[in-house]
Amino acid sequence: MFGLTLEKLVIVAIIAAMIIGPIRLPGAAKRLSEFVRSFRRALDDTCSRVAADAGVADLRTELDELDLRQYDPRRIIREALETPAAGDKTTASVTSAEAVPASAPVNEDAGVVFDARATRPPGRWVVSGTSAHPRRVWVVDEPDPSASESAAEVSESHASEAVPASST
């Protein structure tokens with residue numbers, strides 16, 4: 001605090017002993033300690049008055065009673081996915097992408113809730129942005145038109161290679 005080190009305090013004590021003198025030094029040390037005690041007492045009283053006027057004690061007890069872990073978004077989402085909605089016994093929560101195929105129909109009348117991963121179109125994650133603020137973006141795979149043309153050509157070539165059975 002204030003950049004005071006042991007060496008600086010020793011130098012201040014030696015200078016004070018030379019200026020005040022060895023006879024008056026104990027009395028000066030006693031007055032200094034009384035001043036520091038009274039200053040500390042006044043500071044503590046002021047802090048307690050300000051805290052009482054501002055209602056800090058009430059706020060502190062309310063904060064101590066408040067459980068901030070209940071507002072953890074990961075816990076809220078996990079509990080929402082694990083438990084069905086209150087009063088709704090038909091709602092089913094599917095959390096695995098393997099449990100529901102992507103082409104499965106969604107029955108909205110029955111209130112069945114599917115995981116978003118199960119209905120996501122085929123694609124891949126691409127990292128964009130800067131290294132300080134990277135963003136993951138889902139890019140949908142476009143069907144390759146050359147692949148569909150080559151598949152059509154292969155099926156045509158197989159059809160032309162087929163030789164009809166002779167009736168001899």
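## The strand pair

In this predicted model, R124 has V139 of strand β2 as its bridge partner. The two strands concerned are β1, which covers residues 123-129, and β2, which covers residues 134-140, and they pair in the antiparallel sense over seven bridges. Four residues lie between β1 and β2, and together the two strands form a hairpin.

R124 also takes part in a salt bridge with D141, in which the closest N and O atoms are 3.3 Å apart. D141 lies in the loop between β2 and α6 (145-161) while R124 lies in strand β1, so the pair ties together parts that are 17 residues apart in sequence. Both partners count as partly exposed, D141 because its relative accessibility is 38% and R124 because its relative accessibility is 47%, and each value falls between the 20% limit for buried and the 50% limit for exposed.

## Salt bridges elsewhere in the chain

The structure holds three salt bridges, and the pair of D141 and R124 just described is one of them. As a general matter, side chains of opposite charge can pair when their charged atoms come close. A further salt bridge joins R75 and E79, whose side chains meet at 2.8 Å, taken from N to O. R75 and E79 both belong to helix α4, which spans residues 73-82, and they stand four residues apart, about one turn of the helix. R75 is partly exposed, with a relative accessible area of 22%, and E79 likewise counts as partly exposed, at 38% relative accessibility.

D72 and R74 also form a salt bridge, with their closest N and O atoms 3.6 Å apart. The two partners fall into separate classes of exposure: D72 is partly exposed, with a relative accessible area of 23%, whereas R74 counts as exposed because its relative accessibility is 63%, and the cut-off for exposed is over 50%.

## The annotated segment and the nonpolar patch

An unreviewed UniProt entry places the feature "transmembrane region" at residues 6-25. In the model, the chain over residues 6-25 is 80% helix and 0% strand, and the C-alpha atoms at the two ends of this segment are 20 Å apart.

Further along the chain, L32, F35, V36, F39 and L43 form a nonpolar patch on the surface, and together these residues have about 530 Å² of accessible area. One of them, L43, is found in helix α2, which runs over residues 25-54. L43 is partly exposed, with a relative accessible area of 46%, so it meets the requirement that a patch residue have over 30% relative accessible area.

## The chain as a whole

The protein has six helices and two strands, and, read along the sequence, these elements follow the pattern α-α-α-α-α-β-β-α. The hairpin of β1 and β2 therefore has five helices before it and one helix after it in that order.

Of the 168 residues of the protein, 5% count as buried, a class reserved for residues under 20% relative accessible area. The protein exposes about 14,800 Å², and carbon and sulfur atoms supply 62% of that area. Among the contacts in the protein with a separation of 6 or more, residues 24 or more positions apart account for 0%.

Terms used
Residues numbered from 1 in each chain as written. Predicted model: local features only at pLDDT ≥ 70, side-chain atom pairs only at ≥ 80, totals over all residues. Heavy atoms only, no water. UniProt positions renumbered as here; feature names shortened; annotations may be inferred. Patch = residues over 30% accessible without salt bridge, like charges linked within 9 Å, V, L, I, M, F, W, Y side chains within 5 Å. Areas by Shrake-Rupley, 256 points an atom, 1.4 Å probe, with all protein chains shown as cover. Salt bridge = Lys/Arg side-chain N within 4 Å of Asp/Glu carboxyl O. Buried < 20%, exposed > 50% of the residue type's maximum accessible area, 1.4 Å probe, protein only. Contact = heavy atoms within 4.5 Å. Pairing = 2+ DSSP bridges.
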